[in-house]
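Okay, thanks everyone. Let's have a look at the fold together, and then I'd like to spend a few minutes on charged pairs.

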Amino acid sequence: MRKQLYKFIEERLNELGDIKHIDIWNNQLTYPEEEQVFDTPAVFVEFAPIKWDLLGRGAREADVTFVLHVATDSREDKWSDNIEVFDLLDKISGALIGQYNDEGINAITPGESITDSDFGELMHNQESFICHVIDLSMALNSRAPAPNKIKISLV
């Protein structure tokens, strides 16, 4: 389900046309000089721990919290006074809030916003979201095989 949710988020963010790099969060901004180079603005998706509830027959559900780590280069001219970054954050939120699909991802709701208050070259803002998911992937794989055909004759 995390892969499905990640792909869902990635599709919505790519539709904006503003995001140049999307990836899974791996503390890339802690030591950026040691990481692979990425273009900005970049968004990294972090999944909070997920507590699953069993629905039965392999189906499960959970409220999933995910955090988008949004990295922007504070030296770029388009971020004059760095407050234009908030427009990008609003666009990202607008692309996700209320979105859902018919494959188990229910409406995405906003969580919290954390504004970077101690940035250098890279500004690192965080936007969190919550959605309810229903995962049927294991239920679909655990179906019993179809029974053999039975021939009945009335003699």
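Before anything else, one term: when I say buried, I mean under 20% relative accessible area, while exposed is over 50% and partly exposed is in between. And keep in mind that this is a predicted model.

So, the overall layout. We have three helices and six strands here. If you walk along the sequence, the order goes α-β-β-β-β-α-β-β-α. The protein has 155 residues, and 37% of them are buried. On the outside, about 10,100 Å² is exposed, with 49% of that coming from carbon and sulfur atoms. As for how the chain meets itself: take the contacts between residues at least 6 apart in sequence, and 60% of them join residues at least 24 apart.

Now the charged pairs. Side chains of opposite charge can pair when their charged atoms come close. How many salt bridges does a search of the whole structure find? Five. I'll go through some of them.

Let's start with Asp18 and Lys91. Their closest N and O atoms are 2.3 Å apart. Asp18 sits in the loop between helix H1 (2–14) and strand E1 (21–24), and Lys91 is in helix H2 (residues 85–96), so you're looking at a link between distant parts of the chain, 73 residues apart. How accessible are the two partners? Asp18 has a relative accessible area of 26%, which makes that residue partly exposed, and Lys91 is partly exposed too, at 39%.

Next, Lys51 and Asp53. Here the side chains meet in a salt bridge with an N to O distance of 3.3 Å. Lys51 counts as exposed, at 64% relative accessibility, whereas Asp53, at 38%, is partly exposed.

And then the pair I wanted to end on, Asp135 and Arg60. The side chains of Asp135 and Arg60 form a salt bridge at 2.9 Å, N to O. Asp135 belongs to strand E6 (residues 122–135) and Arg60 to strand E4 (residues 59–73), so this salt bridge ties together parts that are 75 residues apart in sequence. Are these two residues buried or exposed? Both Asp135 and Arg60 are buried. By the cut-off I gave at the start, that puts each of them under 20% relative accessible area.

To put the pairs side by side: Asp18 with Lys91 joins a loop to helix H2, and Asp135 with Arg60 joins strand E6 to strand E4. That's it from me, happy to go back to the model if anyone wants another look.

Technical notes. Residues are numbered from 1 along each chain as its sequence is written. This is a predicted model: local features need pLDDT of at least 70, side-chain atom pairs count only at pLDDT 80 or more; totals for chains, interfaces and linings use all residues. Side-chain values use heavy atoms; hydrogens and water are left out. Helices (H or I, at least four residues) and strands (E, at least two) are DSSP runs, numbered from the N terminus. Buried means under 20% relative accessible area, exposed over 50%, partly exposed in between (1.4 Å probe, protein chains only). Contact means heavy atoms within 4.5 Å. Accessible areas come from the Shrake-Rupley method with a 1.4 Å probe; for residues, only the protein chains shown count as cover. A salt bridge is a side-chain nitrogen of Lys or Arg within 4 Å of a carboxyl oxygen of Asp or Glu.
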